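Dear colleague,

Please find below the structure that I would like to hand over to you. My notes on charged and polar side chains follow it.

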Amino acid sequence: MNFLIADTFTSSLARLTRDEQKSVKTTAFDLQVNPASPGMSFHKLDRAKDKNFWSVRVSRDIRLIVHKTADSLLLCYVDHHDKAYAWAERRKLETHPQTGAAQFVEVRESIQEIVVPKYVETETRVPVRTLPALFANRPDSELLSYGIPLEWLDEVRLATDETLLSLTMHLPAEAAEALLELATGGKPRIPEPVAGISPFEHPDAQRRFRLVTNVEELALALDFPWDKWTVFLHPEQRQFVEKDFHGPARVSGSAGTGKTIVALHRAVFLARKNPAAQVLLTTFSNTLARALRTLCQRLLSQEPAIAQRIEISSLGEVARSLYEELVGPVALVDRQVIEKLIGDASQRAPDHKFTQQFLVAEWDQVIDAWQLDNWEAYRDVARLGRKTRLTEARRQVLWSIFADVQAKLDEMQQFTEARLFTTLADELTRAKKPCYNFAVVDEAQDIGIPQLRFLAALGASRPDALFFSGDLGQRIFQQPFSWKSLGVDVRGRSRTLRINYRTSHQIRQQADRLLGPVVSDVDGNSEDRSDTISVFNGPPPTIQVAKSEAEEIAAVGRWLSGQVQAGIQPEEMAIFVRSHGQLSRAEAAARQAGLPFNVLDQSGEIGGETLTISTMHLAKGLEFRVVVVMACDDEVIPLQERIESVTDDGDLEEVYDTERHLLYVACTRARDALLISSTEPASEFLDDLRAET
């Protein structure tokens, strides 16, 4: 007998208390080991439309809904008695007549039209605006091909712009996504028919049903439910994962569209397809690399041979390891040492009138990034991303400072990380054999010039060798620069994901107001975000402006307490602030709500059963059911110190862009509920969040 679990089961399990979850897991293990055990208390559901639904007693009030046939046992749902029975009575498990995929179909309630008698005929007629039905002219065959259940066809044909989102909440995921895509002018992709497979093996069915073969696999699945498992690919994602590219390729999309999932599966796909290949899966930070490593371990828990051929490390870790292997030991200079060298060199220079902040930024983004080692190179470089205008005379003064710094570094025999990447790129260019056959890079919008130069040497000229995933709207660490100038040209091989699985329609729509509908890079590649769709609804984000910090802390504490009363666990919540200076306000709010909390550091380790508190810069790659973005005050975001450090309008624009991106990243960590708070005067960005588009 096949033993399966559904996404509806793991999501309902997560809503129970910890003690209830332990009891459910014990019952699930017993069912898998021996479903016919006399100790299993099965009860037939007389009112269920699907006669294969049964209830299994977990405790006095908790019931597990299973679908039982001679060939399979499927864990469907778990909840308190009445809620569990109500769920089963409103659904049935069917094989779609056209697609062949197994799907839960919600039983349509009988709706009787109420005719209001017309007692008085009035002269005044108020015109009624009738919205057009979106799918009235679509043939049955087309609608069925998207996985729409037969009994919902009439309802679909009546859908308008006002009713569509509510309707999609009642449909299987593939049907809901197809309708949303049609409504926004897209053309849904229909999976190719697969002959000779069971309804549970269909690509659409595999997004919600999983075959579990042993107790260890079941334990893993119950510990990491669907929203954390990231095993199942949407067909739109799969086409990017499995496509052959003749050069570097990039997949983009707004927060929550599954870019990291695509990157992870791309690495696994390349390793499976090429049995002797070494695959690098990497990103710009150690924290994100650890998260990728965890995801890959879950995905390949049953395939250790493939996992061994995928190296998952940050770009910095990879570069240092390769350099020591190919060249020899290397000593990297500390950041504080660089800043001191720049400060000392500026003191020895003539009356330069440059601030320390400007000098450090010029070193980071121009001198060190491009590895300029002589006056002529600096004089002629196009300072893309550094828009402050410099005359040749001012550049000469600056070069005297930076040449001094470079001389000191040579004397100390220490490398910057940029020099490490550049030197390594030269070594790889001369090498006869690539050290990795393929490289997949996640969060690619925040890799810098030296890292991209290294990746270009690794495989820019080979088919399928470089694959990037990222979102230009989440660029918070790097200045924009031309990828094409470094030999990485993704034009014609750049795709945008459009379906958002993580963030509710309301949160996504409001967060998108911080950015334009189209985001472009320096090379002219554009990401059109205007047609992104979210597949579920939720409450609109709340924006609160308090008169004082004490009032804000109290309000956030009350809001968090309300979330707890609604069943949200502490580990499903987070509070984000702009900088370390606001962490104390977040901590006070958590204490006000009586919640245990963990302040996230550079290690990126999330606490066990605690609320997470973090700065916005550490929010990348995280997601929570409930998020508070706190202390969004004037002069906090955008940060006044950054504004005061610039001397040119162009540089000021870049500061504002990255500060907007930072707030966008924080807001889009929320799945279901979002609170944005501040004290008076509030950040000007809150006006943008409120503005109607």
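**Polar contacts**

The side chains of Glu-174 and Gln-103 make a polar contact at 3.2 Å. Please bear in mind that this is a predicted model. Glu-174 belongs to helix H7, and its relative accessibility of 6% places Glu-174 among the buried residues, because buried means under 20% relative accessible area.

A second contact involves a backbone atom. The side chain of Thr-257 reaches the backbone oxygen of Ser-254, at 2.7 Å. Thr-257 sits in the loop that runs between strand E9 (249-252) and helix H11 (259-273). With a relative accessibility of 0%, Thr-257 counts as buried.

**Salt bridges**

Side chains of opposite charge can pair when their charged atoms come close. The structure holds 40 salt bridges; I describe some of them here.

Helix H7 appears again in one of these pairs. Glu-181 and Arg-498 meet through their side chains in a salt bridge, with an N to O distance of 2.8 Å. Glu-181 is in helix H7 (residues 173-183), while Arg-498 is in the loop between strand E14 (494-496) and strand E15 (499-500), so this salt bridge ties together parts that lie 317 residues apart in sequence. Both Glu-181 and Arg-498 are buried.

Another salt bridge joins the side chains of Asp-512 and Arg-508, at 3.1 Å from N to O. Are these two partners buried or exposed? Asp-512 counts as buried at 16% relative accessibility, and Arg-508 is buried as well, with a relative accessible area of 9%.

Arg-578 forms a salt bridge with Glu-659, and the closest N and O atoms of this pair are 2.8 Å apart. Arg-578 is placed in the loop between strand E20 (573-577) and helix H23 (583-592), and Glu-659 in helix H25 (residues 649-667), so the pair ties together parts that are 81 residues apart in sequence. Arg-578 counts as buried at 7% relative accessibility, and Glu-659 counts as buried at 1%.

Beyond these pairs, Glu-549, Glu-552, Arg-585 and Asp-633 are joined into one network by salt bridges that share partners.

**Charged patches on the surface**

Two groups of charged residues on the surface should also be mentioned.

The positive patch is formed by Lys-44, Arg-47, Lys-49 and Lys-51. Of its members, Lys-51 is found in the loop between strand E2 (42-44) and strand E3 (53-57). Lys-51 is partly exposed, as its relative accessible area is 47%.

Negative charge gathers in a surface patch made up of Asp-634, Glu-635, Glu-641, Glu-644 and Glu-684. Where does Glu-684 lie? Glu-684 is located in the loop between strand E24 (670-679) and helix H26 (685-690). At 37% relative accessibility, Glu-684 counts as partly exposed.

**In brief**

Helix H7 holds Glu-174, whose side chain contacts that of Gln-103, and also Glu-181, whose partner Arg-498 lies in a loop 317 residues away in sequence. The salt bridge of Arg-578 and Glu-659 ties together parts that are 81 residues apart. On the surface, Lys-51 belongs to the positive patch and Glu-684 to the negative one.

With kind regards

How values were computed. Residues numbered from 1 in each chain as written. Predicted model: local features only at pLDDT ≥ 70, side-chain atom pairs only at ≥ 80, totals over all residues. Heavy atoms only, no water. Patch = residues over 30% accessible without salt bridge, like charges linked within 9 Å, V, L, I, M, F, W, Y side chains within 5 Å. Areas by Shrake-Rupley, 256 points an atom, 1.4 Å probe, with all protein chains shown as cover. Salt bridge = Lys/Arg side-chain N within 4 Å of Asp/Glu carboxyl O. Lys, Arg positive; Asp, Glu negative; His and termini not counted. Charge placed at Lys NZ, Arg CZ, Asp CG, Glu CD. Helix = DSSP H or I, 4+ residues; strand = E, 2+ residues; numbered from the N terminus. Buried < 20%, exposed > 50% of the residue type's maximum accessible area, 1.4 Å probe, protein only. Polar contact = N/O pair within 3.5 Å; in protein donor to acceptor, adjacent residues only side chain to side chain.
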